[in-house]
Amino acid sequence: MKNTVTTFLQAKQKGIKLSMLTAYDYSTAKLISNSGINAILVGDSLGNVILGYEDTVSVTMEDMIHHSRAVARGSSDSLVVTDMPFMSYQTSVYDALVNAGRLMKEGRANAVKLEGGKSVCPQIEAIVSAGIPVMAHLGLTPQSVNAFGGYKIQGKTEQSAKQLVENALAVEKAGAFALVLECVPEKLASFITSKLSIPTIGIGAGSGCDGQILVYQDMLGMFSDYVPKFVRQFSNVGEIMVQAFKDYDNSVKNGEFPTAEHSYSIDDEVIQNVINEYKD
Ligand code: KIV
């Protein structure tokens, strides 16, 4: 059954935990969707894990649309949420509406996600009014890495913790159907979760959130540039891949691959006629 925004709201009401993973391509989306994961985020983390940038700032609308379309084709049951990239919504309500519309129409997303609190509430209201579900994102919002001066835990001081609560209440009021909390102290995230009627999805925000999200390369051990404290590696697929690449390399170089099993046959008479035609 396809997960929808209603699935998210009902899960919150019934106290059922929600699972999310990122994906950026068709094959991975298909595997994730067939695993019972509620939603796939086409995250702008694709800037880091797919494109090799040091941050998400350079990711474009074209990048997001391209990957969102691929994920949407592979996701049968998971809700597809696509990130609005840096400067696609901060500039104006009009830009936000046009770009959210493109992610739905061209990227075939089921919902969009954007970063920020009170300052982007007019954008959230306008997008939701147009019939597009919005997931909000607070705490460590990676698009603001330059303003934060690095990737740091948010909400540690009384003032910043109160600000986070205010922003969470504001995005809920503006119409967001869910809220990602990234790198927020566990007790603060639990408190925010208790104050909201929309589900919170944590990443580095402890177990008190209504759901969890991880970047799939992180949880599979495929991305070693840096591994944040909040990541659990559920497998070491990176090692398995490297071993398979080495085995392939050896097999090709020592002539073990391909064998007849992986080759196509041709009628003896046909090939003999071809050879005869080109005889010196
Ligand atoms: O882009 C992304 O992958 C995200 C998650 C880390 C929440 O925003």
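1. A polar contact here is a pair of N or O atoms within 3.5 Å. With that in mind, here are some notes on this predicted model, starting at the ligand.

2. Three side chains are worth a look for their distances to ligand oxygen. D44 places a polar side-chain atom 3.1 Å from an oxygen atom of the ligand, and D83 likewise has a polar side-chain atom 3.1 Å from a ligand oxygen. For K113, an N or O atom of the side chain is 2.9 Å from an oxygen atom of the ligand.

3. How much of the ligand's accessible area does the protein cover? On its own the ligand has 260 Å² of accessible area, and the protein covers 95% of that.

4. If you want to select the shell in your viewer, the residues surrounding the ligand are T22, L41, G43, D44, S45, D83, K113, H137, V180, E182, I203 and V215. By class, this shell divides into four nonpolar, four polar and four charged residues.

5. Now to the packing. The largest nonpolar core has 57 residues, and V112, I127, L179, L181 and I192 have the most contacts inside it. Helix 8, residues 158–174, gives the most to this core, contributing seven residues.

6. V112 makes a handy starting point for browsing that core. Leaving aside residues up to four places away in sequence, V112 touches V81, T82, M84, A100, L103, M104, I127, I132, P133, V134 and M135.

7. There is also a second, separate core of 16 residues, with A39, L41, F177 and V180 among them. Two of these names will look familiar: L41 and V180 also belong to the residues around the ligand.

Methods: Residues are numbered from 1 along each chain as its sequence is written. This is a predicted model: local features need pLDDT of at least 70, side-chain atom pairs count only at pLDDT 80 or more; totals for chains, interfaces and linings use all residues. Side-chain values use heavy atoms; hydrogens and water are left out. A residue is near a molecule or strand if one of its heavy atoms lies within 4 Å of it. A polar contact is a pair of N or O atoms within 3.5 Å; within protein, one must be able to donate a hydrogen and the other to accept it, and residues adjacent in sequence count only if both atoms are side-chain atoms. Accessible areas come from the Shrake-Rupley method with a 1.4 Å probe; for residues, only the protein chains shown count as cover. Ala, Val, Leu, Ile, Met, Phe, Trp, Tyr, Cys and Pro count as nonpolar, Asp, Glu, Lys and Arg as charged, and the others, Gly among them, as polar. A nonpolar core is a set of buried Ala, Val, Leu, Ile, Met, Phe, Trp, Tyr and Cys residues joined through side-chain atoms within 4.5 Å. Buried means under 20% relative accessible area, exposed over 50%, partly exposed in between (1.4 Å probe, protein chains only). Helices (H or I, at least four residues) and strands (E, at least two) are DSSP runs, numbered from the N terminus. Contact means heavy atoms within 4.5 Å.
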